Amino acid sequence: MEKECLYIYTLGGLTLTHKGKPVTTLVSKKAEALLVYLACEGRTLSREILAELLWEERGQSQALSNLRVVLANLRKELGEYVTITRDTAAINRYASILLDIDQFKELVNAEEVEKAVEIYRGDFLQGFYLRDTREFENWIVIQREQLKRKYLDGLVSLVETALETGNYPRGIQYASQLLSHDPTRETVHQKLMQLLVYNGQRGAALEQYQDCW
């Protein structure tokens, strides 16, 4: 049953799979961008808004014409997953769709932080770029920052839990992982030194201290 799903992976880049195979038949990167945007927003949006989002450098008539081509392509290739009318477009929330950021947020909200951290393979739409789409790029930045904040906060909580429970090797792993993303966190450097000492790695703790100060 899961193989019948449309998988939309956005963490660490963009990967689309359907029925176990990569989706390679979308007409352009803007078609991919539109699918992701609709899936992430989860609401019905007017064609005018979507045209402005992806073709802001064009006049409205040309932008809407470009959008029609993309929507026709989505309807042809993934019609069961999108709901398209004369005036609007939306993701079909009743279809079998797995969006990784939804899964990530659900795990964070359920306080299953370790599982959430495991599926965070990288920043939201990392390496995905469209020319002349400032509004879309701004949307990516906002999504990326919100998701990364949840990820880093999750790592902080896992480091603290490791210290409390005495799982020092796992704590070292999480602290190192966190500092690779944000090396400015002084308290995490301190906790990493603590973890190293408690784990019998005094030399490594000293090296960590020298690297920081």
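At what angle do α6 and helix α7 pack, and how far apart are their axes? The close-up views below take up this question and a few others, using a predicted model.

**View 1. Helices α6 and α7 pack against each other.** Helix α7 covers residues 168-181, and α6 packs with α7 at an angle of about 155°, their axes lying 8 Å apart. That angle makes the two helices roughly antiparallel, because angles over 145 degrees count as such. The crossing of α6 past α7 is left-handed. Sorted by character, the residues of this contact comprise 12 nonpolar, three polar and one charged. To find them in the structure, look along α6 for K148, Y151, L152, L155, V156, L158, V159, A162 and L163. Their counterparts in α7 are Y168, G171, Y174, A175, Q177, L178 and H181.

**View 2. L152 is a residue of helix α6.** Here we zoom in on one member of the contact just described. Helix α6 spans residues 134-165, and L152 is found within this helix. Is L152 buried or exposed? L152 counts as buried because its relative accessibility is 7%, under the 20% cut-off. Leaving aside neighbours within four places in sequence, L152 is in contact with L178, H181, D182 and R185. One of these partners, L178, is 26 residues away from L152 along the chain, yet the C-alpha atoms of L152 and L178 are separated by 6.3 Å.

**View 3. Four strands form an open sheet with mixed pairing.** Reading across the sheet, the order is β3-β2-β1-β7. The edges belong to β3 (21-22) and β7 (97-99); each has a single partner strand, so one side of each is left without a neighbour in the sheet. Helix α1 packs on this sheet and touches β1, β2 (15-18) and β7, with its direction at about 95° to that of β1. Strand β1, residues 6-9, runs parallel to β7, and three bridges join the two. For a landmark in this pairing, find I8, which stands opposite L99 in β7. Helix α4 lies across β1 and β7 as well, and runs at about 65° to β7.

**View 4. Three strands make up an open sheet with antiparallel pairing.** The order of the strands is β4-β6-β5. At the edges are β4 (45-46) and β5 (82-84), each pairing on one side only. Which residues of β4 and β5 stand opposite A89 in β6? From β4 it is L45, and from β5 it is I84. β4 is joined to β6 by two bridges, and these strands run antiparallel. Strand β6 (residues 88-91) also pairs with β5 in the antiparallel sense, over three bridges. Another bridge to look for links T83 to its partner A90 in β6. Together β5 and β6 form a hairpin, with three residues between them. Helix α1, residues 29-41, lies across β4, β5 and β6 and runs at about 70° to β6.

**View 5. L78 is found in helix α3.** This helix runs over residues 60-78. With a relative accessible area of 2%, L78 is buried. Which residues touch L78, once neighbours within four places in sequence are left aside? They are L6, H18, L26 and L35. You can also compare L78 with T25: the two are 53 residues apart in sequence, and 9.7 Å apart in space from C-alpha to C-alpha.

**View 6. E111 and L125 each have a positive phi.** Most residues other than glycine have a negative phi. For E111, phi is near 60°, and for L125 it is near 50°. Where do these two residues lie? E111 sits in the loop between α4 (100-109) and α5 (113-119), while L125 has its place in the loop between α5 and α6. Their surroundings can be told apart too. E111 is exposed, with a relative accessible area of 68%. L125, in contrast, counts as buried, at 0% relative accessibility.

Notes. Residues numbered from 1 in each chain as written. Predicted model: local features only at pLDDT ≥ 70, side-chain atom pairs only at ≥ 80, totals over all residues. Heavy atoms only, no water. Pairing = 2+ DSSP bridges. Contact = heavy atoms within 4.5 Å. Axes fitted to C-alpha atoms, helices over the stretch in contact; angles between N-to-C directions. Buried < 20%, exposed > 50% of the residue type's maximum accessible area, 1.4 Å probe, protein only. Parallel < 35°, antiparallel > 145°, perpendicular 65-115°, else oblique. Left-handed = near helix turned anticlockwise from the far one by under 90°. Nonpolar A, V, L, I, M, F, W, Y, C, P; charged D, E, K, R; others polar.
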